[in-house]
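Here's a quick tour of one protein model, from the whole chain down to a single residue. Have a look at it first.

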Amino acid sequence: MNLEELKQYAMNQILSILGSNMNNVSALAFQGGIGRDKFDSLSDIDLLIAFEKIEDSKGIIKGEHEIDGKKWSIFHLSFDKVSPKQWRDKLRYVYGYETHIFYDRKGKLRKICRDSLLSEEERKERTVYKIKKLGNRGITYRGIVNEDWRGIRWGDQYDLWVFRGDNFAAHMRLNQAVELLIDLIYSINNLPVPSPKWKHHLVTELSWIPEDFRRVLYEASTVIDMTPSDVERRYHCLISIVTQCIEKSIQLDLLPEDIGRYYFPKFSTHSDNTED
């Protein structure tokens, strides 16, 4: 059964199960593997059933079920209880980028999916935030340190914990930078970050990624030993990636000329002096 046949099969199954309850249903959509057009033998059939109000969902199937030998995960959504801009990233990603709608009585689910997309200002905010946080870990444009660049004094060192004699902490700091870099690449591609289950797999398939990204990312993510030289090796891999990301951000007009003037009013607070 190919993907299109599977979609038709699943539609027929759920319409048969819902029967007269379809009168209470406002929209139906596939999510997960079918929603992103990548379904395999390990995938569930993820189905979204949407309602005008929560009372309409009473008595209608939801949760995990085995139907005709296949595992289904069935979710409910009530239009009177949603605000997509307040959702966490993983929900915004699912609704914005991997929801395949096949019934939408009044077009409300399509509007929710559109509202889940990142605005240009959100894209810019996320890009600037991640670049600044990477700089706090010593992962900067072309490896600059103790220099002024775009309104910021980039003074943090990647090997601070090496000098303190804790190479394990130094590696963990670089692990944080790897996660920030992956999130930055989603922002550059104007995408919210998917769930942890999927974000590392999907990042290498995005429309823009740095040159030789998969290989360099693997090297940057790999800890060979607890020596200062291995910390330095990983650091240079990360600098290669972040430099390309920053140059792409400048090309897309996502990075202000004065990062500090943009960043601090939005993200810095007097009550939090950790600035990590």
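How much area does the protein expose, and what share of it do carbon and sulfur atoms supply? The protein exposes about 14400 Å², with 49% supplied by carbon and sulfur atoms; accessible areas come from the Shrake-Rupley method with a 1.4 Å probe, and for residues only the protein chains shown count as cover.

A word on ground rules: this is a predicted model, where local features need pLDDT of at least 70 and side-chain atom pairs count only at pLDDT 80 or more, while totals for chains, interfaces and linings use all residues. Residues are numbered from 1 along each chain as its sequence is written, and side-chain values use heavy atoms, leaving out hydrogens and water.

Here's the overall picture:

| Feature of the protein | Value |
|---|---|
| C-alpha box along the principal axes | roughly 70 × 40 × 35 Å |
| Buried share of the 276 residues | 48% |
| Distance between centres of positive and negative side chains | 5 Å |

Buried means under 20% relative accessible area (exposed is over 50%, partly exposed in between; 1.4 Å probe, protein chains only). The secondary structure comes to 11 helices and 7 strands, taken as DSSP runs (helices H or I, at least four residues; strands E, at least two) numbered from the N terminus.

Now zoom in on Asp89, which sits in helix H3 (residues 89–97). Asp89 is buried, at 18% relative accessible area. Setting aside neighbours within four places in sequence, Asp89 is in contact with Arg126, Pro192 and Val193, where contact means heavy atoms within 4.5 Å.

Conventions: Lys and Arg count as positive and Asp and Glu as negative; His and the chain ends are not counted. The place of a charge is taken as NZ of Lys, CZ of Arg, CG of Asp or CD of Glu.
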